[in-house]
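Hi everyone, thanks for making the time. I'd like to walk you through one structure today, so let me put it up on the screen.

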Amino acid sequence: MSEHQHTEPTDDAAEPTSEKLVELAKRRGYFFQSSGAYGGVGGFYTFGPQGASLKGNVEDAWRDRFAVAEGNMEIDAPTIMPEPVFEASGHLDGFDDMLIECPECETSSRADHLVEDNTEYEDAESLPIPEVEEVIAEHELVCPECGSGLADVAVENFNLMFATNIGPGDSDPGYLRPETAQGIFVEFPRLKEYARNQLPFGVTQIGRAYRNEISPRRSIIRTREFTQAELEFFVDPEEDEPDLEAVADVAVTLYPASEQNAEDGDEIRTTIGDAVEEGIIGDEWVAYFLGVAKPWYDAVGVDMDRFRFRQHLSGERAHYAADCWDAESEIDGNWIEMAGFAYRGDYDLSKHAEHSGDRFTVFKQYDEPKTVERATVDPDMSYLGPEFGGDAQAVVEKLETLAGRNRAAFEGESVEIELEGESHELPVEKTGFAVEEQTEAGEHIVPHVVEPSFGVDRLVYTVLHHAYREDEVDGEERTYLELEPEVAPTFVGVFPLQSDDELEAVADDVVDDLREAGLSIAYDDSGNIGRRYRRQDEVGTPFCVTIDYETVEDEETTVTVRERDTTDQTRLPVDGLAETLSAIREGDLEFEEL
Ligand SMILES: Nc1ncnc2c1ncn2[C@@H]1O[C@H](COP(=O)(O)OP(=O)(O)OP(=O)(O)O)[C@@H](O)[C@H]1O
């Protein structure tokens with residue numbers, strides 16, 4: 001849960017585009033704070049008609065790339081899970097942020113953010129609480145809301161999970177999942193069957209996650225309910241290798257930990273292939289998914305000049321994560337995390353195995369059966385019973401473990417075991433010790449996990465922010481969103497020039513044709529034509545089709561087609577219009593070619 005000063009600014013920093021974007025988003029139906037009729041509630045946002053459509057298109061594009069094209073499965077698990085799941089995952093004990101509450105105005109703030117925003121510390125999250133308290137006192141930091149001093153105020157750990165009860169009463173606590181990933185890990189014993197026990201395989205999920213953030217901020221960038229798109233990719237660490245060839249030439253901007261730590265460190269422009277070769281990206285699987293993600297981000301409309309992969313600093317990384325990189329986008333001069341790519345080892349599956357007692361392994365068949373020597377014991381119970389009484393079974397278990405670990409212990413006349421701190425000698429002949437040859441077809445292994453974890457809301461925000469443009473058309477200021485046709489909520493605006501039965505009849509036919517071709521259409525017959533264009537420009541509609549008097553006068557029925565970014569216009573016959581626009585949407589044709 002890192003949030004660095006160099007990657008995220010304070011709320012009061014001047015953010016011209018963000019401010020204008022948030023206003024546009026509300027006015028045009030992209031997103032707005034929820035429950036406004038009741039005063040609004042912090043950290044919850046509703047996606048309006050345009051936003052829901054954009055978000056859905058982004059999710060579809062993610063599904064196409066990370067589930068369908070990669071051959072991974074998709075699941076849809078519940079958002080509430082029982083307490084033992086989060087005991088196992090570590091969220092119950094460790095999913096905390098540092099909370100400081102102002103005694104004067106009762107405003108809650110994240111203590112680490114307070115320190116990062118107002119001192120030279122860049123990674124206060126990794127400091128122990130007493131040190132954070134010291135820094136707050138030393139720097140005489142004050143409440144961001146009312147300005148009261150916070151020098152003597154205690155900092156506490158605050159668990160970010162939303163708690164609830166499953167069923168009546170409180171005997172069965174549950175939590176709203178703080179990440180979609182646990183829904184995949186918990187079902188692993190069944191999911192591996194669907195994958196026919198063959199590694200590697202991947203499972204994706206797109207769904208809501210909940211975090212009771214102490215101070216949600218920057219509109220949909222830090223909310224309390226948000227959407228994640230996660231892939232858990234399970235591999236055999238000994239044998240599976242990614243298809244690095246496929247992404248070797250992908251050009252990337254990397255900001256490795258070494259550069260972040262260096263005095264004059266800088267971003268590195270390289271390719272995935274070279275970065276792996278030079279050891280900049282330590283794990284090949286992580287490198288592979290960075291290579292898949294970069295062109296995908298480009299395709300959905302993230303500006304590649306304002307995009308980079310930043311490696312986690314050692315203090316930021318979970319202890320089990322071998323390598324971790326974030327995809328970051330630049331927003332008004334600051335970098336925000338859009339996704340994390342982590343090599344998580346066998347941590348998650350081992351924890352769930354330990355806590356649930358279920359099998360979180362995959363049976364790995366050897367190419368050829370192996371003959372192995374196994375040391376076994378078959379103790380003489382008529383001897384152990386009288387000798388050890390109620391402890392006889394414990395002695396058997398000790399002997400079994402010892403035979404597996406240290407055969408040499410059985411080489412003499414007697415063997416020594418330890419029981420509750422006391423040492424006992426047994427005649428070897430009474431243990432039934434033997435070494436046998438066994439043929440084994442394979443072994444049970446715990447797969448390792450590579451996790452690309454995307455935040456959909458932050459991506460939607462970035463796509464809108466990077467698409468935001470202002471220019472002047474015919475002496476008038478214009479705002480438009482240069483959204484990629486693949487994700488734009490509406491593809492074509494259709495306007496009859498005037499309220500006229502003949503024009504409207506043609507417009508209706510055009511709408512029917514285009515909708516039949518699967519294109520999303522906005523029909524607008526109100527206001528002057530310039531204003532209708534502006535409305536569509538502001539929501540990022542790539543094309544507008546106007547039905548005017550030439551349409552009905554000409555022998556061939558033609559319409560004006562206007563392109564959003566250039567505002568260039570051309571006349572096209574209604575016949576074949578749907579095919580032409582579909583070809584543009586698919587990327588098979590450029591507007592300039594018309
Ligand atoms: N409160 C939030 N609001 C919106 N999106 C979020 C939030 N927390 C996490 N995400 C998204 O989920 C993705 C994966 O979650 P992860 O646990 O790696 O985030 P994180 O490192 O805790 O984020 P942060 O450091 O910003 O709190 C993030 O990259 C981000 O896009």
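Let's start with a pair of strands. Strand E17, residues 362-376, runs antiparallel to E20, and 11 bridges join the two. If you want one rung of that ladder to look for, take Lys 364: its bridge partner in E20 is Glu 443.

Now stay on E20 for a moment. How many of its 12 residues are buried? The count is 0, so to speak a bare strand: E20, residues 434-445, is hardly covered.

I should say right away that this is a predicted model. With that in mind, let's step back to the whole chain. The protein chain has 19 helices and 28 strands. Along the principal axes, its C-alpha atoms fill a box of roughly 110 × 65 × 60 Å. Of the 594 residues, 36% are buried. And for those of you who think in contact maps: take the contacts between residues at least 6 apart in sequence, and 65% of them join residues at least 24 apart.

What does the record say about domains? An unreviewed UniProt entry lists residues 19-485 as "domain: Aminoacyl-transfer RNA synthetases class-II family profile". In this model, that span is 31% helix and 31% strand, and its end C-alpha atoms lie 25 Å apart.

Next, a single residue, Tyr 383. You'll find Tyr 383 in helix H13, which covers residues 381-388. Is Tyr 383 buried, exposed or partly exposed? Within 10 Å there are 15 other C-beta atoms. Buried would take 20 or more, and exposed would be 12 or fewer, so Tyr 383 counts as partly exposed.

Tyr 383 also gives us a feel for distance. Gln 536 is 153 residues away from Tyr 383 in sequence, and their C-alpha atoms are 90 Å apart in space.

Last stop: a helix pair. Helix H16, residues 501-516, packs against helix H19, residues 577-585, with the axes 9 Å apart and an angle of about 45 degrees. That angle makes H16 oblique to H19, because it falls outside the roughly parallel range, under 35 degrees, and the roughly perpendicular one, 65 to 115. Which residues make the contact? From H16 we have Val 510, Asp 513 and Leu 514, and from H19 Leu 577, Ala 578 and Leu 581. As for handedness, H16 passes H19 in a right-handed crossing.

That's my tour. Thanks for listening, and feel free to rotate the view yourselves.

Definitions and conventions:
Residues numbered from 1 in each chain as written. Predicted model: local features only at pLDDT ≥ 70, side-chain atom pairs only at ≥ 80, totals over all residues. UniProt positions renumbered as here; feature names shortened; annotations may be inferred. Helix = DSSP H or I, 4+ residues; strand = E, 2+ residues; numbered from the N terminus. Pairing = 2+ DSSP bridges. Contact = placed C-beta atoms within 7 Å. Axes fitted to C-alpha atoms, helices over the stretch in contact; angles between N-to-C directions. Parallel < 35°, antiparallel > 145°, perpendicular 65-115°, else oblique. Left-handed = near helix turned anticlockwise from the far one by under 90°.
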